[in-house]
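Here are some notes for a colleague who is opening this entry. They take up a metal site, a helix and some ring contacts.

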Amino acid sequence: MIRLAIQKSGRLSEDSLSLIRECGISFVSSSYKLKTEATNFPLEILYLRDDDIPGYVQDGVADLGVVGQNVLVEAGLPELEVEPLGFSKCRLSLAVPRGEAYASVADLQGKNIATSYPQILGTYLAGHGVQANLHTISGSVEIAPSIGLADAICDIVSSGSTLLGNGLREVETVFRSEAVLIANRSLSAEKQNLLEQLQFRMQAVRRARR
Ligand code: PRT
Ligand code: ZN
């Protein structure tokens, strides 16, 4: 039996469940349950908050997980990635108030930047030789400039309409992300074999979708 952690409820949930089903694995899922066993594959599914998934897989509480690369890299565990899954594509971008002049990332020197991704942003800014004050907030990052909390923000963007609606302009792409399959680094031989079967099926599903 191998344990796979997926997001309980959010943007990754539906596509994660569809992927498992398209792999030919049957299970009954219900919104109030925290785990489910598949009926035709030795798989147990755990439903968790996405932020908890990398740590649980690292610790072996779950063997496998489905999570966004943004959350995985922010958690400092990029080495757990085993397979890109091609859904939940988005980017982590820097944005400034629309009326603000902006020529390059050097303009952010000494500025206050609100983000939920201080690790990824810190690495990016350091790579560009920029020192800024990062303010870590966990939600509603886009309103920070309009309430005087920050000069710029760094947040997840997909369509861009949230930035537009908050009077912000996207100026730099810091990181590109998609959902990935992650795995504990010391799986037993039996679990490693189950992982390979799952990866084989996931790759076939992706090829069939193209
Ligand atoms: O409750 P839990 O902690 O499990 O979920 P969560 O609220 O932390 O995450 P959730 O469900 O919002 O997102 C899960 C993952 O989906 C993220 O970690 C990303 O990998 C991916 N993803 C893809 C996105 C988006 N697209 C996205 N658009 N995550 C967030 N957004 C937000 C964005 O921050 C913005 O505020 O959606 C808003 C709208 O985006 P626009 O550009 O389309 O307007
Ligand atoms: Zn989360």
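1. A donor is an N, O or S atom within 2.8 Å of the metal, and because water is not among the atoms, sites may look incomplete. The model is a predicted one. With that in mind, the zinc ion (ligand 2) has two protein donors, Asp-50 (OD) and Asp-51 (OD), at 2.0 to 2.1 Å.

2. The zinc ion (ligand 2) has four donor atoms, and the angles among them run from 78 to 170°. Its site is irregular, because four donors count as tetrahedral only if all angles lie between 85 and 135 degrees, and as square planar only if opposite donors are over 155 degrees apart and all others between 65 and 115.

3. Are the two aspartates buried or exposed? Asp-50 has a relative accessible area of 17% and is buried, whereas Asp-51, at 44%, is partly exposed.

4. Helix H4 spans residues 118-127, and its residues Ile-120, Leu-121, Tyr-124 and Leu-125 are buried. Viewed down the helix axis, these fall within an arc of 125°, so they line one face of H4. An α-helix has 3.6 residues a turn, so residues three or four places apart point the same way.

5. Thr-123, Ala-126 and Gly-127 are exposed, on the face of H4 turned away from the buried side. The cover over the buried residues includes helix H3 (69-74) and several strands, among them S6 (90-97) and S10 (168-177). Just after H4, Gly-129 has a positive phi of about 65°.

6. As for rings, the count of aromatic pairs is zero. The charged end of Arg-21 does sit over the ring of Phe-27, 4.2 Å from the ring centre.

Technical notes:
Residues numbered from 1 in each chain as written. Chains lettered and ligands numbered in written order. Predicted model: local features only at pLDDT ≥ 70, side-chain atom pairs only at ≥ 80, totals over all residues. Heavy atoms only, no water. Buried < 20%, exposed > 50% of the residue type's maximum accessible area, 1.4 Å probe, protein only. Helix = DSSP H or I, 4+ residues; strand = E, 2+ residues; numbered from the N terminus. Arc of directions from axis to C-beta. Contact = heavy atoms within 4.5 Å. Phe/Tyr/Trp six-rings, centres within 6.5 Å; stacked < 30°, edge-to-face > 60°. Lys NZ or Arg CZ within 6 Å of the ring centre and 35° of its normal. Donors = N, O, S within 2.8 Å, 3.2 Å for Na, K, Ca; no water. Tetrahedral: all angles 85-135°; square planar, octahedral: opposite > 155°, others 65-115°.
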